[in-house]
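Subject: Structure for you to look at

Hello,

Please find the structure below, with the sequence. My notes on what was found follow it.

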Amino acid sequence: VRPQDVLEEALRLSEETVLRGEATVIRDWGAMPAVALDKQRLLQILVNLISNAVQAMALLPREARRLILSARVVMDAGGERLRIAVRDQGEGIAEENLARIFSHGFTTRRDGHGFGLHSSSVAAMEMGAKLTAHSD
């Protein structure tokens, strides 16, 4: 599949969440070749990350709510890899929580259950990929 097509589909599936959160979507990718990947798992991951990003910006003024999706083919020690990033301008993650962010049952939200990021991390591992988190 073409990564840009999967990103667009994830945005389409997340349209209601993005609209309700009044976030501006910024697409940062160009034409990329088709790659072998599990489309359904990638969609599951992206929809969850988009939802989390929109929720993280809920307390920001509307004009500051920017959801940035980017994709690149990069070189690393393992060869060419697809790198997808979902970034937001939200509240951030405390440093002490970054190490636990993908743990089963871990959440910082009152109404959270701690399964979304964990299941996304597991889905990524099952595809031979990994999720990482960064917060300034």
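Read from the start of the sequence, the elements run α-α-β-α-β-β-α-α, which gives 5 helices and 3 strands. Both kinds of element are DSSP runs numbered from the N terminus: helices are H or I with at least four residues, strands are E with at least two.

This is a predicted model, in which local features need pLDDT of at least 70 and side-chain atom pairs count only at pLDDT 80 or more, while totals for chains, interfaces and linings use all residues. Residues are numbered from 1 along each chain as its sequence is written, and side-chain values use heavy atoms, with hydrogens and water left out.

Overall form: the C-alpha trace spans about 40 × 30 × 25 Å along its principal axes. The radius of gyration, taken over C-alpha atoms, is 15 Å, which agrees with the value near 14 Å for a compact globule of 136 residues. That rule is 2.2 Å times the number of residues to the power 0.38.

Contacts: of those with a separation of 6 or more, 65% join residues 24 or more positions apart. Contact means heavy atoms within 4.5 Å.

Burial: 31% of the 136 residues are buried (under 20% relative accessible area; exposed is over 50%, partly exposed in between; 1.4 Å probe, protein chains only).

One residue: E15 belongs to helix α2, residues 15-20. E15 is partly exposed, at a relative accessible area of 46%. Its C-alpha atom is separated by 17 Å from that of L42, 27 residues apart along the chain.

Regards
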